[in-house]
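Reader: Hi! I am new to reading protein structures, and I would love a close look at a single part of this one. Could you walk me through the sheets of chain B?

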Amino acid sequence: MSDTHAESIAFVRESSLPQSAPPDKVGGPLKWVKDNLFPTWANALLTVVALYFLYLLLSGSLPWLLNGVWSASSLSECREILDGASGACFSVISERWHQLLFGFKYPSDQYWRPTLALVLLFIAIAPVLFIDLPRKLLFFTGLYPFLAFWLIWGGPIWGPIFALLGVIAGYVAYSRLVHKSFAMALAGGIVAAVIVWYIGGFIGEALRPASPLLEAIPSRDLGGFMLNMMLGITCVSLSLPIGVALALGRQSHLPIVKGICVVFIEFVRGVPLITLLFVANVMLAYFFPPGSGVDLFIRVVIMITMFSSAYIAEVIRGGLAALPKGQYEAADSLGLDYAQAMRLIILPQAMKISIPGIVNIAVGLFKDTTLVSVISLFDIIGMIRGPILASTDWNGVYWELFMFASLLFFIVCYGISQYSQWLERRLATDHR
Amino acid sequence: MAETAQMKVSDEVAIRIDNMNKWYGAFHVLRDIDLTVHRGERIVICGPSGSGKSTLIRCINALEEHQKGSIEVDGTLLSSDLKNIDKIRSEVGMCFQHFNLFPHLTILENCTLAPIWVRKTPKKEAEEVAMHFLEKVKIPDQANKYPGQLSGGQQQRVAIARSLCMRPRIMLFDEPTSALDPEMIKEVLDTMIELAEEGMTMLCVTHEMGFARQVANRVIFMDEGQIVEQNEPEAFFNNPQSPRTQLFLSQILGH
């Protein structure tokens, strides 16, 4: 603590020391087996026991799987073909393939529409998931929800067009006003969007074509795994921004904003999702203006989104709490305002910390979409338990159907999990 | 030493603190602080831990709120108005004990972020300015690395460059070398000395007494939330007036 620091010369090495090679590793598969499977008597015994159980499992299930029948048209025919041998009756999957994927009411000549929507989804979601892709692709991402809505539900194209115009009007109003005040810009944006939607409603009514380009399909006719995918994707993409807003609101210094967020989060977390779904099915209609007839699909989306956004908010709050106070102070000391500090400094870091938790909730939410089968929507589980198992042809084919449903869910959920691990590695810049 | 200490100090007032008081709950942290800093002045604030020296400089850019008295920075009175606070913060640079670089951004992005978003500087121009200051703190070759890849001393120099990119008129340093190895302290102090030689108005909380002797035109000693003594460095170190200051100096210079 004196002049020494200011006057001493820092030691600087001019060249690196030569590296010495690490000792040779003794390897080979035999050594690996000995080291990992039979290192001691106790471990060797455990290995043998484990191998025996593996044998039991596979000897029971493999013949059943490999001996599966794919071509029968009913369970009894399937049993005839098997003739007493052990074997699965996979033909239920090939025979009811379209019902499992699209439900039993969706017109079969229109299956290309949801399929196209799914293909386009990959293009739309790519620039969101992979931050290295050119940002211009986000243009299509913005367009996609309206396009997908039109593809799946069909009907006059004016609906989605005016919905899009309303969002654009809202955005323009917002960006014009935002330099004055955020609250004013938000209110202005909402008002502008609502005006466009309201006027668009009349114009759309006047322009209603005699026969629309794409046949209109009511929500009641959606079903199968398509319904699970639609609910999952819509609810995850809506609940993420709402969850961020709730998490920030819960940290707010404004008592009313904070109070609303806390009450919302605690209430929604304290209620089972199934209760909310029954509310959506039966009671929510009372809260909307009479005759508005808000679609059941939208009511379910609202409820699942509410539910998962409350959980996501808590996960993100954990991420926010994990950031050192110095990050907030550094952002403040540079003169960034609240919105800039959150958007540029705090949220990117907090979201990165929260990735495992958010993915956890996204995966859980996606699987919870099967709960809609209890309010008599025919998602994949609803289809299996309802029309397929109830039919005389396939009464009693449980294993094959539920295995297939599990496989579909597993593929999607495993994909999400793998993506999140890649994202964590991609964003690991702190070199801790 | 002699020439640096005699750099011109203008009559223009940079910071005027008048009878400022601050409480944490019921705890009285700062008592009746009166301090006027002129443009170009370099002030070192020292004192035992808990004496309120960090709190004092954090009040100047409103990282802490004061409850009584007034603070005027560059003619702007610090009030609770957010626009006012943001204006003062963009004029006053600050370096922290733990650097507080943004770990998710590269060194260059750390430096250009505030100029681009607060000052609305075009990206290219902001990057040129950033490279200029990174050269000044002698780490232009690290511009595309992330803070986690740099040593503590390098990180603190980046933090200084990041503040300078906003072209502040006043720099605050909150124990900038306390978290560093002895080897790295020198490189940070050298950067600060260079800054002082260019006439930057500086308030520095530090225990580096060598730095204080060489650079400061005034040393302030604080204890229990009060300014106990302030003087030119020669007089302060060689002839401390109050017994509290004498005790502090004997302990800190004794070894």
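Author: Happy to; what follows is a walk through the two sheets of chain B, strand by strand. Please keep in mind that this is a predicted model.

Let's begin with the stretch that a record marks out. UniProt, in an unreviewed entry, places the feature "domain: ABC transporter" at residues 15-249 of chain B. Over those residues the chain is 39% helix and 26% strand, and the C-alpha atoms at the two ends lie 27 Å apart.

Now look for the sheet of 6 strands in chain B, an open one with mixed pairing. Going across, you meet its strands in the order E6-E7-E8-E3-E9-E10. At the edges stand E6 and strand E10 (226-231) of chain B; each has a single partner strand, so one side of each is left without a neighbour in the sheet. From one strand to the next, the twist averages 20°.

A good strand to pause on is E7 of chain B, residues 170-174. How many of its 5 residues are buried? The count is 5 of the 5, so strand E7(B) is largely enclosed by the rest of the structure. Buried here means under 20% relative accessible area. It helps to remember that in a regular strand the side chains alternate between the two faces of the sheet. You can follow this along E7(B): B:Ile170, B:Leu172 and B:Asp174 are on one side, B:Met171 and B:Phe173 are on the other, and all are buried, leaving both faces covered.

Next, see what E7(B) pairs with. Strand E6 (residues 92-95) of chain B runs parallel to E7(B), and 4 bridges join the two. Within that pairing, B:Val92 has B:Ile170 as its bridge partner, and B:Met94 stands opposite B:Leu172. Strand E8 (residues 201-205) of chain B also pairs with E7(B) in the parallel sense, this time over 5 bridges. There, the bridge partner of B:Met171 is B:Met202 in E8(B).

A helix belongs in this picture too. Helix H2(B) packs on this sheet, touching strand E3 (42-46), E6, E7, E8 and strand E9 (218-223) of chain B. The direction of H2(B) makes about 150° with that of E7(B).

Let's turn to the other sheet. Here 4 strands of chain B form an open sheet, in the order E2-E1-E4-E5, with antiparallel pairing. Its edges are strand E2 (27-38) and strand E5 (76-77) of chain B; each has a single partner strand, so one side of each is left without a neighbour in the sheet. Further in, strand E1 (residues 13-24) and strand E4 (residues 68-73) of chain B run antiparallel and are joined by 5 bridges. One pair to find on your screen is B:Ile17 with its bridge partner B:Ile71 in E4(B).

Which strands of this sheet does helix H2 (residues 53-60) of chain B touch? The helix packs on the sheet and touches E1, E2 and E4 of chain B, and its direction makes about 120° with that of E1(B). If you trace H2(B) once more, you will find the contacts with E1, E2 and E4 of chain B as well as those with E3, E6, E7, E8 and E9 of chain B.

Terms used. Residues are numbered from 1 along each chain as its sequence is written. Chains are lettered from A and ligands numbered from 1 in the order in which they are written. This is a predicted model: local features need pLDDT of at least 70, side-chain atom pairs count only at pLDDT 80 or more; totals for chains, interfaces and linings use all residues. Side-chain values use heavy atoms; hydrogens and water are left out. UniProt positions are given in the numbering used here, feature names are shortened, and annotations may be inferred rather than shown by experiment. Two strands pair if DSSP finds at least two bridges between them. Contact means heavy atoms within 4.5 Å. Axes are lines fitted to C-alpha atoms, for helices over the stretch in contact, and angles run from 0 to 180 degrees between N-to-C directions. Buried means under 20% relative accessible area, exposed over 50%, partly exposed in between (1.4 Å probe, protein chains only).
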